[in-house]
Amino acid sequence: MLQFDLFAPSIPTPAPAPVVGLPDIVRIIAEHSGRPRYTFMVLDLIARAARTNGEAGPLVREGEVLVPIREWLAAAIAPSGARHHQRRATADNVRAALAAKGELPGDPVEAARRVDAELSERIRETGMTAISRAVSELVKAGLIRRHYQGFFVDHENRGAQRHAVYTVTDAVRAALQPSIVTSENRRQPYVRGAHAQPRAAAAR
């Protein structure tokens, strides 16, 4: 009588492909993000702000002040997503909301200042929410790590007096570094020869 094995050995899950270059980063982000271009810009900014150990944050110097890295990222990336018609529509909504609550100053100059201040705050909050979403996608994709640094100790979770710290992996940092090799020999310009093999043309 045959005895069937009811517990077949499980097939191990293949490990994710390693990051070896910029195309890998683009592909991985596209697989994990609904806004891959925005998320890539966030990753690039984090990598540029990172120290030699790969950590960026919790604070980034902006002129004479230090700001949390999430706020710095939101402010740095905001111009790329700004559209005049969207900003104007949002400003109109802000003005209407202030007027409905009776909080819109009668003086046109003061009213414009109040609308601008409220608009800037809304854009700031929206931007930081978008940054958090993009960072979460990068963490899920395995491109960065995130923890929260407190006043005295580090902590894995957010909380009072704790700010985010983002750590870029070594593979991502290496992939984002300029690595294009160019020839310094101006007397031998590059020419593609037969069978797509490069050859040096004789300079005259």
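This passage walks through the fold, the surface and some side-chain pairings of one protein chain.

The structure is a predicted model, so a local feature needs pLDDT of at least 70 and a side-chain atom pair counts only at pLDDT 80 or more, while totals for chains, interfaces and linings use all residues. Residues are numbered from 1 along each chain as its sequence is written, and side-chain values use heavy atoms, with hydrogens and water left out.

Let's start with the overall layout. The protein chain has six helices and eight strands; here helices (H or I, at least four residues) and strands (E, at least two) are DSSP runs, numbered from the N terminus. Going along the sequence, their order is α-α-β-β-β-α-α-α-β-β-β-α-β-β. The chain holds 204 residues, and 28% of them count as buried. Buried means under 20% relative accessible area, exposed means over 50%, and partly exposed is in between, with a 1.4 Å probe and protein chains only. The accessible surface of the protein chain adds up to about 14900 Å², and carbon and sulfur atoms own 55% of that. Such areas come from the Shrake-Rupley method with a 1.4 Å probe, and for residues only the protein chains shown count as cover. As for contacts (heavy atoms within 4.5 Å), take those in the protein chain with a separation of 6 or more: 53% of them join residues 24 or more positions apart.

Now for helix H2, which covers residues 36–49. With 14 residues, H2 reaches 20 Å from its first C-alpha to its last, close to the 20 Å expected at 1.5 Å a residue. The expected span is 1.5 Å times one less than the number of residues in the helix. The buried residues of H2 are Tyr38, Thr39, Val42, Leu43, Asp44, Leu45, Ile46 and Ala47. Thr39 of H2 has a relative accessible area of just 1%, so Thr39 is buried. Leaving out residues up to four places away in sequence, Thr39 touches Ile29, Ser33, Ala134, Glu137 and Leu138.

Just before H2 comes Arg35, in the loop between helix H1 (22–32) and H2. Arg35 is partly exposed, because its relative accessible area is 46%. This residue lies over the face of Tyr38, at 4.3 Å from the ring centre. The rule for a charge over a ring is that NZ of Lys or CZ of Arg is within 6 Å of the ring centre and within 35 degrees of the ring normal. Arg35 and Glu137 are 102 residues apart along the chain, yet their C-alpha atoms are separated by 9.8 Å. What about rings paired with rings? A search of the whole structure turns up zero aromatic pairs. To pair, rings of Phe, Tyr and Trp (its six-membered ring) need centres within 6.5 Å; planes under 30 degrees apart count as stacked, over 60 as edge-to-face and the rest as tilted.

Next come the charged pairs. Side chains of opposite charge can pair when their charged atoms come close. A salt bridge is a side-chain nitrogen of Lys or Arg within 4 Å of a carboxyl oxygen of Asp or Glu, and by this rule the count comes to eight. One of them sits within H2, where Arg48 and Asp44 are four residues apart, about one turn of the helix. Their closest N and O atoms are 2.9 Å apart. Arg48 counts as exposed because its relative accessible area is 64%.

Another salt bridge joins Glu71 and Arg124, at 3.1 Å from N to O. Glu71 lies in helix H3 (residues 69–81) and Arg124 in helix H5 (residues 108–140), so this pair ties together parts that are 53 residues apart in sequence. Both partners are partly exposed: Glu71 has a relative accessible area of 29%, and Arg124 comes in at 35%.

Helix H5 also has a pair of its own, Arg113 and Glu110, which are three residues apart and so separated by about one helical turn. Their salt bridge has its closest N and O atoms 3.0 Å apart. Arg113 is exposed at 53% relative accessibility, whereas Glu110 is partly exposed at 38%. Elsewhere, Asp24, Arg27 and Glu31 are linked in a network of salt bridges.

Back in helix H3 sits Ala74, which is buried, with a relative accessible area of 9%. Setting aside neighbours within four places in sequence, Ala74 is in contact with Gly127, Met128 and Ile131. Ala74 and Ser132, 58 residues apart in sequence, are 9.5 Å apart from C-alpha to C-alpha.
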